[in-house]
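Reader: I am new to this structure and would be grateful for a close look at a single part of it. Please describe the nonpolar core and the salt bridges beside its elements.

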Amino acid sequence: MRSGADWLACATQTAVDEFLGGLSENALAALPWMFEFWALAHQLPPEGAWKTWVIMGGRGAGKTRAGSEWVRAEVEGAGPVDAGRSRRVALVGETIEQVREVMIFGDSGILACSPPDRRPAWEATRKRLIWPNGAIAQVFSAHDPASLRGPQFDAAWVDELAKWPKAEETWDMLQFALRLGENPRQVVTTTPQNVGVLKTILKNPSTVMTHAPTDANRAYLAASFLEEVKARYAGTRQGMQELEGLLVEDVQGALWTTAQLEAGRLEAAPVCRRIVVAVDPPVTGHGKSDECGIVVVGAITDGPPQNWRAVVLEDASVTGASPQQWAKAAIAAMERHKADRLVAEVNQGGDLVEGVIRQIDPLVPFRAVRATRAKAVRAEPVAALYEQGRVAHLRHLGALEQQMCQMTAQGYLGKGSPDRVDALVWALTDLIVEPSESWRAPQVRTL
C-alpha cells in the first residue's frame with residue numbers, strides 16, 4: 001500500500017498544489033497529524049478481529065511511531081474532549097526510564113505525535129499520562145511484573161518485548177490485566193529475538209503481525225547510518241535480525257548456534273587450495289519441490305589434515321528448479337569459484353543426477369556420494385569442526401545458517417527439508433572430515 005507521503009514525493013508540483021489547494025483550512029492544519037495519510041503499510045493496524053498486533057521490524061523501521069499512533073487512535077475521540085475507544089492504557093517497557101524516554105518523550109513518542117489540543121499531560125510522580133478527555137496511560141517496567149497485579153486496562157502498548165528480563169512473567173501479568181471493555185487489545189513493537197515468549201505470541205491464533213526492514217523507513221533515517229550498518233551487518237544473521245527484522249531462531253539442542261557462527265565470520269575469503277561445490281538435489285523439479293542445496297566451500301590445507309580449515313564461500317541454492325536448472329546453477333557456481341570438484345548426493349536420482357550434470361558439462365570433475373545414515377548423524381562430525389574453530393563463514397549465508405541453527409542431534413526442527421545443510425555437510429565431509437579419501441579418484445562412497 002502506498003502512503004500519502006509516497007504520493008506527494010512522486011507527484012508533480014501541479015498535482016501537489018491542486019491537492020493542498022482543495023483542502024479546507026482546518027483539514028490543512030490537521031494534515032500533519034493524520035497518521036493514516038503518512039504511515040507506511042506496516043505501521044497501520046491490520047483489519048479483522050485480533051487481540052495482539054505484533055509490529056516486528058529492523059532498527060529504525062518506524063515501530064515506535066506506529067505504537068504511539070496506535071495509542072492515539074485508541075484514546076482520542078472525534079473532538080479533544082470526546083471519548084475514544086479506550087480509556088485505560090498500559091505502557092510496558094524494559095524499564096520505567098525507557099518507557100518515559102522512548103515511548104512517551106522520544107522523538108517518535110506519544111507526546112511528539114500528539115496535536116496540541118489533544119496532547120496528554122505527564123504526571124511524573126504517578127508515572128502516568130492524562131489526556132484532555134480523561135483517558136489515562138500508566139507506565140510499567142518488565143523488571144517488576146507484580147506491579148501489573150491490581151490495575152486493569154482496555155489497551156496496552158508493549159515495547160521491545162524480546163529483550164525484557166522477565167518477559168514471560170510480565171506478559172502473563174499483563175494478559176490478566178487486560179480485562180476492560182468489549183475487546184481489549186494490545187500492540188507489541190519489537191526487534192525480533194529468539195525468545196520463547198515472542199514465538200508463543202506469534203503462534204497464537206488471535207495474533208496478527210506486520211513486518212518491515214530498516215530500509216523501509218529510509219526516508220526518515222540518516223543515509224550515513226544506513227550505509228554504516230549495512231556495511232557492517234548486511235549478510236549476517238545479526239543483520240537478518242537487526243536490519244531485516246526477521247526472527248532468527250536457534251532451537252534448544254541445535255548443532256550450531258548464532259553466536260558460534262557470528263564468532264567465525266570473515267569479511268573476505270582467504271586463499272583456498274581446494275574448493276568444492278556440493279549439491280543435494282530435490283526428489284522432483286517443480287515449483288513445489290524442496291530446495292536444491294548448492295553450497296561452495298574452500299579448504300586451507302596447510303600442514304597435516306588435522307590442521308586443515310575451511311571457509312563457506314557461497315550458498316547458491318535454488319528453489320523450484322528443474323534438474324537442468326539446478327545443474328546449471330551448480331556448474332555456474334563451480335565456474336565462479338574455479339572449484340576443483342562437484343560433489344552430489346545420488347540417493348534420489350542415482351545415475352540420473354550425474355547424467356543431468358554432464359549434459360551441462362561433460363568434463364566436470366564429479367563425485368557421487370550416497371547417504372546411508374540419518375541427516376543429523378552425518379552432520380555431527382561437521383558440527384564438531386565448528387566447535388574446534390576450523391570452519392568460518394563469509395556473509396550472505398543467512399538462509400543456510402537459519403537451517404543450521406534448527407538442526408539438532410534428534411533431527412531437523414525447521415520447515416521442509418534442510419537441503420542447504422545437507423549440501424554443506426557433503427562439502428565439508430569431502431574436504432575436511434575424510435580428506436584422505438575425498439581426494440582420491442572419484443567413486444560412490446557411503447556415510
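Author: The following account takes up the core, and then the salt bridges of its elements. This is a predicted model, in which local features need pLDDT of at least 70 and side-chain atom pairs count only at pLDDT 80 or more, while totals for chains, interfaces and linings use all residues. Residues are numbered from 1 along each chain as its sequence is written, and side-chain values use heavy atoms, with hydrogens and water left out.

The largest nonpolar core (buried Ala, Val, Leu, Ile, Met, Phe, Trp, Tyr and Cys residues joined through side-chain atoms within 4.5 Å) has 36 residues. Buried means under 20% relative accessible area, calculated with a 1.4 Å probe on protein chains only. Among the elements that give two or more residues to this core are β10 (291-300), α15 (375-387) and α17 (419-433); helices (H or I, at least four residues) and strands (E, at least two) are DSSP runs, numbered from the N terminus. The most, 9 residues, come from α17.

L428 is one of the residues with the most contacts inside the core. Beyond its neighbours within four places in sequence, L428 is in contact (heavy atoms within 4.5 Å) with V297, A310, V382, Y386, V391 and V433.

Salt bridges (a side-chain nitrogen of Lys or Arg within 4 Å of a carboxyl oxygen of Asp or Glu) also involve these elements. E291 pairs with R420 at 2.6 Å between the closest N and O atoms. Because E291 lies in strand β10 and R420 in helix α17, this bridge ties together parts 129 residues apart in sequence. Both residues, E291 and R420, are buried. A salt bridge also joins D422 and R378, at 3.7 Å from N to O. D422 belongs to helix α17 and R378 to helix α15, so parts 44 residues apart in sequence are tied together. D422 and R378 are both buried.

Definitions and conventions. Buried < 20%, exposed > 50% of the residue type's maximum accessible area, 1.4 Å probe, protein only.
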